Amino acid sequence: MKTIEVLGHGCNNCKRLEANARKAVTSTEVEAEIRHITDDAEIMTYGILSTPGLVIDGSVVSYGRVPSAGDIATWLRGG
Amino acid sequence: MTTLAVRRTPLPLPLIVGLATAAWIVAWFANQPVADWLVFDVLRLEQGSQVGETMAFFLEDAPKVLLLLTGIVTIVSFLRSFVSPVRVRNALSGRGVLPGSVAAAGFGVITPFCSCSAVPLFIGFVEAGVPLGVTFAFLVASPMVNEVAIVLLWGLSGPGITAAYIGAGLVVAIVSGLIIGRLGLERYVEDYVWKVRARSAVVEIRPTMDERVRDAWRSTVDIIRRVWPFVVVGIAIGALIHGLVPTDLVVAIGGKDNPLAVPALVALGVPLYSNAAGTIPIVEALLGKGLPLGSALAFMMAVTALSLPEMVILRRVMKPQLLAVFVTVVATGILLVGYGFNIFLT
């Protein structure tokens, strides 16, 4: 079971990122829970400076850009 | 796994970029002949007639500006992927207020700014010890001097007015930063901001060349999709103003003899946020009809730098007092730019 966290305030990019993460989960059939974090203080504990951010199992894998579903799938498989 | 099997083989990246560049160049040079042909041969409008010239102006300028936007925004987005906010922050945290504000205003121009990133940036800067004034210089410059506004200004009004806009924008940002820094308003930052501590230092993630190009193109498509209707409508209104609105009227209402023109235009600019794309063509047409440069600059700056949605977002990290100071200082700066240009440039 993996945890995927999308960090952002619900702007367009964050929504696209969440959609891509869902696609990646479906295509890889990895068991994962997706959470969308919108609280500023909580987002900042990850130390990112630009949103949206993507966190898999507690570590930041991307921020400030919207990775494709393919990229996310690779990260989900990778570890 | 089937999704992987059906994935088409992508063309090599340099080839795609080369083809796109070639297509852009062809479109750029075909634009004027095609517009002329449409207006004077297909629609059979008379050359030199009011209607014909207005139509030709519109059909030439709208594609021209959209092409410019597509090209420049792609290049800027690509170059921006090399400027990491983390490095910007580190460069700013060790500086005094004056050099810091100057550097911050400069960085504000090149760093991406979307109002949804304003909060993490603000907290991240403050947390790293970037002085409040320097952070504000950044927050003012970033939305004001942005590539969409610059491309539109350059494409429609030429380099002189573009330079005046950028220069005045930077001065407003730097001076706002210096003033806010002097006022010592740290206690009006929301308290939780000071307590935030990152669990871990930010990892620098460097995208691959492929990702940089893809991201740049995707964000360009995103921006163009959002602004093109405003550009087209703005240029259409601009074309009508060229043809219909009498110069005397513009001079009487917006001219320097009307002392209320500048504040009225600034107030009008605030709700027009994110419509820089639509307002600049109109302002350009009004400039042609005798609107003084100062009034025009003040209006455009109000459109880009002061916006309600951004204030709502910034309210999350600032107490109302600080937000009020921010708005007052920036608005005063814009008013001074407006009056200054109107008085000294005519």
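**Figure 1. Helix H8 of chain B and the glycine that follows it, in a predicted model.** B:Gly158 comes directly after H8(B) and has a positive phi, near 95°. Helix H8 covers residues 147-157 of chain B, and because 8 of these 11 residues are buried, the helix is largely enclosed by the rest of the structure. The buried positions in H8(B) are B:Val148, B:Ala149, B:Val151, B:Leu152, B:Leu153, B:Gly155, B:Leu156 and B:Ser157. Their cover includes five helices of chain B, namely H3 (50-80), H9 (159-183), H11 (209-244), H14 (276-288) and H15 (293-305).

**Figure 2. Helix H7 of chain B, residues 132-144.** Burial extends over H7(B), with 13 of its 13 residues buried, and the helix is mostly covered. At 1.5 Å a residue, a helix of 13 residues should span 18 Å, and the end C-alpha atoms of H7(B) lie 19 Å apart, which agrees.

**Figure 3. Packing of helix H13 against helix H17 in chain B.** Two packed helices are described by the angle between their axes and the distance between the axes. For H13 (residues 261-269) and H17 of chain B, the angle is about 135° and the axes are 9 Å apart. H13(B) is therefore oblique to H17(B). The crossing of H13(B) past H17(B) is right-handed. On the H13(B) side the contact is made by B:Val262, B:Pro263 and B:Val266, and on the H17(B) side by B:Ala331, B:Ile334, B:Leu335, B:Gly338 and B:Tyr339.

**Figure 4. Surroundings of B:Phe341 in helix H17 of chain B.** Helix H17 comprises residues 320-344, and B:Phe341 is part of it. B:Phe341 counts as buried because it has 21 C-beta neighbours inside 10 Å, where 20 or more are required. Leaving aside residues up to four places away in sequence, B:Phe341 touches B:Leu293, B:Gly294 and B:Leu297. From B:Phe341 to B:Ala103 the separation is 238 residues in sequence and 25 Å between C-alpha atoms.

**Figure 5. The four-stranded sheet of chain A.** The sheet is open, its strand order is S2-S1-S3-S4, and the pairing is mixed. S2 (32-37) and S4 (59-63) of chain A are the edge strands, each pairing on one side only. Direction ignored, neighbouring strands of this sheet are turned by 20° against each other on average. Strands of a sheet pair through backbone hydrogen bonds, either parallel or antiparallel. S1 (residues 2-7) and S3 (residues 53-56) of chain A run antiparallel and are joined by 4 bridges. A:Glu5 has A:Val55 of S3(A) opposite. Helix H1 (residues 12-28) of chain A lies across S1, S2 and S3 of that chain, at about 175° to S2(A).

**Figure 6. Surroundings of A:Ile4 in strand S1 of chain A.** A:Ile4 has 23 C-beta neighbours inside 10 Å and so counts as buried, the threshold being 20 or more. Apart from residues up to four places away in sequence, A:Ile4 touches A:Ala21, A:Ala32, A:Glu33, A:Ile34 and A:Ile56. A:Ile4 and A:Gly78 are separated by 74 residues in sequence and by 14 Å from C-alpha to C-alpha.

**Figure 7. Backbone geometry in three loops of chain A.** Most residues other than glycine have a negative phi, and most peptide bonds are trans. The bond between A:Thr51 and A:Pro52 is a cis peptide bond, with omega about 0°. A:Pro52 belongs to the loop between helix H2 (40-44) and S3 of chain A. In the loop between H1 and S2 of chain A lies A:Glu29, a residue other than glycine with a positive phi near 55°. A:Glu29 is exposed, as 9 other C-beta atoms lie within 10 Å. The loop between S3 and S4 of chain A holds A:Asp57, which is not a glycine but has a positive phi of about 50°. A:Asp57 has 14 C-beta neighbours inside 10 Å and so counts as partly exposed.

**Figure 8. Contact between chain A and chain B.** The contact involves 24 residues of chain B and 18 residues of chain A. Helices H4 (85-93) and H6 (118-127) of chain B each supply at least two residues of the side of chain B that touches chain A. H6(B) gives the most to that side, with 5 residues.

Methods:
Residues are numbered from 1 along each chain as its sequence is written. Chains are lettered from A and ligands numbered from 1 in the order in which they are written. This is a predicted model: local features need pLDDT of at least 70, side-chain atom pairs count only at pLDDT 80 or more; totals for chains, interfaces and linings use all residues. The expected span of a helix is 1.5 Å times one less than its number of residues. A residue is buried if 20 or more other C-beta atoms lie within 10 Å of its own, exposed if 12 or fewer, and partly exposed in between; C-beta atoms are placed from the backbone. Two strands pair if DSSP finds at least two bridges between them. Axes are lines fitted to C-alpha atoms, for helices over the stretch in contact, and angles run from 0 to 180 degrees between N-to-C directions. Two residues are in contact if their C-beta atoms, placed from the backbone, lie within 7 Å. Angles under 35 degrees count as roughly parallel, over 145 as roughly antiparallel, 65 to 115 as roughly perpendicular and the rest as oblique. A crossing is left-handed if the near helix is turned anticlockwise from the far one by less than a right angle, and right-handed if clockwise.
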